[in-house]
Amino acid sequence: MKYFFCILLAMCSLVTIAQNKEFKISGTVQTDSEKEPLESATVYLERIKDSTLVSYTISDKDGKFSLEDKTTDESLKLFISFVGYQTYSQVIKIDKEEINLQPIELTVDANALDEVLIKSRAPITIKTDTLEFNVKSFKTKKDANVEDLLKQLPGVEVDDAGKITVNGKDVNKILVNGKPFFGDDPTITTRNLTKELIEKVQITDTKTKAEAFTGEVGDNENKTINLTIKEENNKGVFGRVAAGAGTDERYEFAGMLNLFDNDQRISVLAGGNNTNSTGFSFGEIQKMFGSGNVRFSRGSGGDSFSIDGRSFGGGQGITTSKNVGANYADKIGKKVDISADYFYSGSNSDNTTSTERENILPDSRFFSESNSNTYNESDNHSANLEFEIEVDSMLRIDIEPSFRKSMSRNTYTSFEETRDDSDVLTNDSDVSSFVETIGTNFSNEIDITKKFGSNGAFVRLSIDNEFDTTTTDDSVVSEANVYGDTPEATIRDQFSDGERKSNAFNASATYRLPIKAKEVFLDFKFDYRSDKQDNRRSTYDFDDGTQDYTSFNTELSTDFENTNKRSTPSVRLAFRKEKWSFSFESGYVFRSLKNEDVLRPLLSLKRDFEAVELRSNFNYRFSPKSSIYSGYRLSNQTPSVRQLSPFQDVSNPLNIVTGNPDLEPSNNHNLYAGFNAFDFQKGTGFYAHIGGNLTSNAVVSKSTIDEDFVRETTYTNVDGNRSAYASATFSKSIKVDSLRTFKYRVGISSNFNRNVNFNNDVEYASKNTSLSPNAEITFTWKDVLELRPNYRISFNTTRFDIDNFDDQKFVNHSLGINTATFLPKKFEWRNDISFNYNSNIAPGFQKSAWFWNSTLAYSMLKDQATLTLKAYDLLNQNTNARRTATDNYIQDSQSTVLQQYFMVSFSWKFNSLGSKGEVNKNGGMFFMH
């Protein structure tokens with residue numbers, strides 16, 4: 001029976017292909033008055049019987065267009081639309097393969113001149129600097145979310161982590177009706193709002209609200225997506241609740257409630273799990289304070305000792321998290337827009353790590369082995385407000401206060417030992433610590449913009465301030481032993497309390513002088529920034545007499561007051577034409593660094609620096625389909641106070657660090673260029689990027705290691721650090737018929753880095769080269785299946801100009817297969833399979849692994865509910881073994897990973913959006929990942 005079904009399915013496919021007729025429709029679009037060609041007019045074909053989109057394209061600079069496709073219909077309806085003109089339509093009979101049309105003339109739309117709103121059905125509309133997609137023109141599964149929709153848009157790519165690119169450029173902001181939705185994390189929007197809610201997807205270069213107000217050119221390297229909600233969906237309630245339970249006591253739950261009332265939006269969401277899913281983005285509070293570790297590591301592989309090292313959410317290991325969030329947006333009167341959000345996130349994680357490191361010296365090698373365990377608990381709060389006040393058409397005020405609070409508790413244990421190249425034990429260390437950290441942060445941004453006339457002149461004043469306080473309580477018990485001819489043991493039982501207060505203030509003023517109205521501008525700018533930080537750490541040794549931590553340890557205590565002030569006057573010349581723009585900016589930096597050491601006044605320092613900074617960029621748009629961009633930047637980076645201060649840090653007895661007060665600032669030259677092209681008709685895209693960096697006076701660490709592998713580190717300036725990168729990607733979509741599409745993407749990326757460093761006081765240079773070709777194929781059969789295999793191979797080579805260092809070569813293979821089937825009806829079966837292989841992993845570590853996740857979902861209750869069975873790590877091979885190669889060491893490490901489990905979950909969605917409040921039967925759903 002199954003063979004009969006397969007044969008029948010194949011015959012139906014052949015019949016469908018045989019009935020398809022290929023066609024090519026060509027023509028020219030022009031104005032009816034001046035007979036001038038219209039560039040960027042949208043030309044599209046629809047089926048007559050149901051208005052289904054068949055094909056579309058954009059006219060070129062000569063007004064010419066060409067539509068190529070296949071159809072089974074005898075006739076199709078042609079539409080041509082252009083902003084400000086009446087939409088043209090014509091029934092085209094598909095009676096031959098090539099159809100050449102007479103020039104088509106568009107008439108000015110009188111309603112457009114009278115500012116009457118007319119909704120366009122065109123799949124794509126180009127408005128000056130905005131690319132707009134009509135959501136109805138792009139078919140997805142019935143319960144698709146915004147991420148599913150974006151994957152169907154030409155030129156838009158979405159990876160597995162939710163990162164979005166448009167024509168090769170990153171999307172760094174997503175808005176809903178022009179307002180933020182739950183902070184800066186795009187996945188909360190793309191995975192929690194459904195396609196059914198959205199009417200248009202608008203894509204522009206990223207701009208601040210103040211830049212959009214003045215009509216300035218935005219960030220040409222990043223894109224913003226604005227989702228406009230259908231008018232009838234702007235009033236009502238929708239959301240979803242879900243919960244799941246699985247083997248090994250795994251669980252997850254989530255819920256989201258949205259109340260829309262025209263301009264007013266209220267959204268609440270909550271969730272929790274112990275499956276390493278973050279739930280919400282922690283990006284906004286990642287800069288807050290997580291765990292604190294103590295680690296002793298002897299060798300030349302970089303500074304690996306950290307008492308106050310910070311990480312968020314526990315990193316690797318098994319993480320249990322809970323999250324609550326709320327978002328509010330409204331319009332107060334006609335002049336004020338307000339938006340606010342609040343997040344709470346709590347997590348605890350447990351992680352065990354094993355590490356083997358081969359440390360490389362100019363004349364020898366030594367080996368270290370370590371095992372550590374980290375348990376972290378954290379609670380984080382975040383609140384943001386945004387006021388947009390448009391006083392009138394010439395004055396705008398933006399105010400954005402925010403507040404953060406973080407609490408973290410971290411328990412850390414480790415044991416590490418080091419052996420020489422004869423396998424003789426030279427030292428070991430045993431560490432146990434507990435760190436409790438509380439951090440609070442308040443910041444506020446104020447922008448005031450005043451326009452003058454209609455030629456582009458304006459004045460802008462910006463004031464930003466930030467107050468940050470962090471307190472720590474740190475208990476550590478450690479023992480470090482040095483063996484050999486002069487054995488030595490360092491035993492510590494200490495308590496430290498620390499407090500760090502920082503105050504940052506930034507003020508800038510800009511005046512734009514139009515040289516030629518709306519085309520040539522001269523910007524005069526002045527920027528002032530002051531950063532002040534008080535950093536105190538008091539360490540007490542355990543006193544046997546008092547049986548308490550009362551013996552003040554001056555050597556391990558610090559009390560610094562740091563001040564960093566910077567003033568930068570600058571001037572910028574900008575040209576803006578219809579197809580190209582160019583700008584050049586020059587600034588001169590006056591910087592003053594001051595560090596007062598309260599405990600050691602003789603080590604206080606003050607340094608003044610001056611430097612020139614330059615920036616320029618050029619953009620040219622060949623057509624709506626292709627463009628190039630390039631830029632140059634000269635930036636200046638001063639050494640940190642920690643690198644400059646002659647204070648000797650002996651907190652790690654195996655690595656004593658001393659600053660260098662004679663360090664000079666680094667100058668970095670960055671040059672980049674790129675090309676983007678996407679042909680809407682042919683479905684082809686090509687994106688290429690190239691760039692390089694050259695750094696003079698780079699600040700690097702300089703270490704010397706004695707016969708017992710005790711290291712002394714300082715800092716120095718070097719020349720000759722440089723890097724280069726290049727990448728290219730080509731993609732093409734092929735429409736087999738009305739049901740099946742085929743897309744392939746091939747790409748290659750390459751990086752080169754030359755770094756000057758020191759190894760045991762010997763200067764050397766390393767050259768690292770990497771090459772990573774990759775390919776991906778996507779086959780989609782509507783309502784039947786999706787198949788997406790991908791493959792990447794990475795070649796890495798590191799060469800040294802020092803004889804005793806061996807060159808290093810590594811090859812890594814990554815294979816992925818994603819599948820989805822939608823048969824039988826109401827079922828959806830998805831698989832995510834990946835394979836990684838690295839032959840260079842050391843013995844004892846897993847070199848390869850297959851990783852397979854599978855999900856089977858069944859829709860019920862009139863598609864308002866879903867029952868899901870999920871299998872995580874079906875083959876039980878999950879691993880995170882990795883090899884890290886640097887100039888000074890080769891390291892293999894492996895940590896705790898989430899193991900195989902199975903879970904059953906149930907979700908229910910509700911939706912009352914729609915005119916007059918009646919229930920929308922199509923459902924409004926968000927999908928939890």
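Strand 34 (residues 655–658) and strand 38 (residues 711–718) run parallel to each other, paired over three bridges. Within this pair, Asn-655 faces Arg-711 of strand 38. The model is a predicted one.

**The sheet around this pair**

Strands 34 and 38 belong to an open sheet of four strands. The order is 33-34-38-37, and the pairing is mixed. Strand 33 and strand 37 (698–705) are the edge strands, and each of them pairs on one side only. In general, the strands of a sheet pair through backbone hydrogen bonds, in either a parallel or an antiparallel sense.

Just before strand 33 comes a loop. It links helix 6 (641–644) to strand 33 (648–649), and Ser-645 lies in it. Is Ser-645 buried or exposed? Ser-645 counts as buried, because its relative accessibility is 3% and the cut-off for buried is under 20%. Leaving aside residues up to four places away in sequence, Ser-645 touches Phe-560, Asn-595, Leu-605, Thr-658, Gly-659 and Asn-660. One of these contacts, Thr-658, is a residue of strand 34.

**The whole protein**

The protein has six helices and 49 strands. It holds 929 residues, and buried residues make up 46% of them. Take the contacts between residues at least 6 apart in sequence: 64% of these join residues at least 24 apart.

**Two nonpolar cores**

The largest nonpolar core has 43 residues. Which of them touch the most other members? They are Leu-150, Val-201 and Ile-225. Ile-225 touches both Leu-150 and Val-201. Its other contacts include Ile-164, Val-171, Ile-174, Leu-175 and Ile-203. Lys-173 and Gln-202 are also touched by Ile-225. These contacts do not count residues up to four places away in sequence. Another core lies apart from the largest one. That core has 20 residues, among them Leu-45, Leu-67, Leu-78 and Ile-92.

**Cavities**

Rolling a probe the size of a water molecule over the atoms shows where empty space is left. How many cavities of 30 Å³ or more does a search of the whole structure find? The search finds three. The second largest holds about 40 Å³ of space. Its lining consists of Ser-40, Ala-41, Thr-42, Ser-81, Phe-82, Val-83, Thr-125 and Ile-126. Four of the lining residues are nonpolar, four are polar and none is charged.

**Backbone details**

Most residues other than glycine have a negative phi, and most peptide bonds are trans. Two residues that are not glycine, Gln-547 and Asp-863, have a positive phi. The table gives their values.

| Residue | Phi | Loop between | Relative accessibility |
|---|---|---|---|
| Gln-547 | about 55° | strand 27 (520–543) and strand 28 (548–552) | 53% |
| Asp-863 | about 65° | strand 45 (848–860) and strand 46 (865–872) | 18% |

Gln-547 counts as exposed, because its relative accessibility is 53% and exposed means over 50%. Asp-863 is buried, because its relative accessible area is 18% and buried means under 20%.

Where does Pro-824 lie? Pro-824 is in the loop between strand 43 (808–821) and strand 44 (827–838). A cis peptide bond joins Leu-823 to Pro-824, with an omega of about -5°.

Conventions:
Residues numbered from 1 in each chain as written. Predicted model: local features only at pLDDT ≥ 70, side-chain atom pairs only at ≥ 80, totals over all residues. Heavy atoms only, no water. Core = buried A, V, L, I, M, F, W, Y, C linked by side-chain atoms within 4.5 Å. Buried < 20%, exposed > 50% of the residue type's maximum accessible area, 1.4 Å probe, protein only. Contact = heavy atoms within 4.5 Å. Helix = DSSP H or I, 4+ residues; strand = E, 2+ residues; numbered from the N terminus. 1 Å grid on protein atoms, 1.4 Å probe; cavity = no way out; pocket = protein on both sides within 12 Å on 5 of 7 lines; lining within 4 Å. Points joined across faces, edges and corners; volume = space filled by probe spheres on them. Nonpolar A, V, L, I, M, F, W, Y, C, P; charged D, E, K, R; others polar. Pairing = 2+ DSSP bridges.
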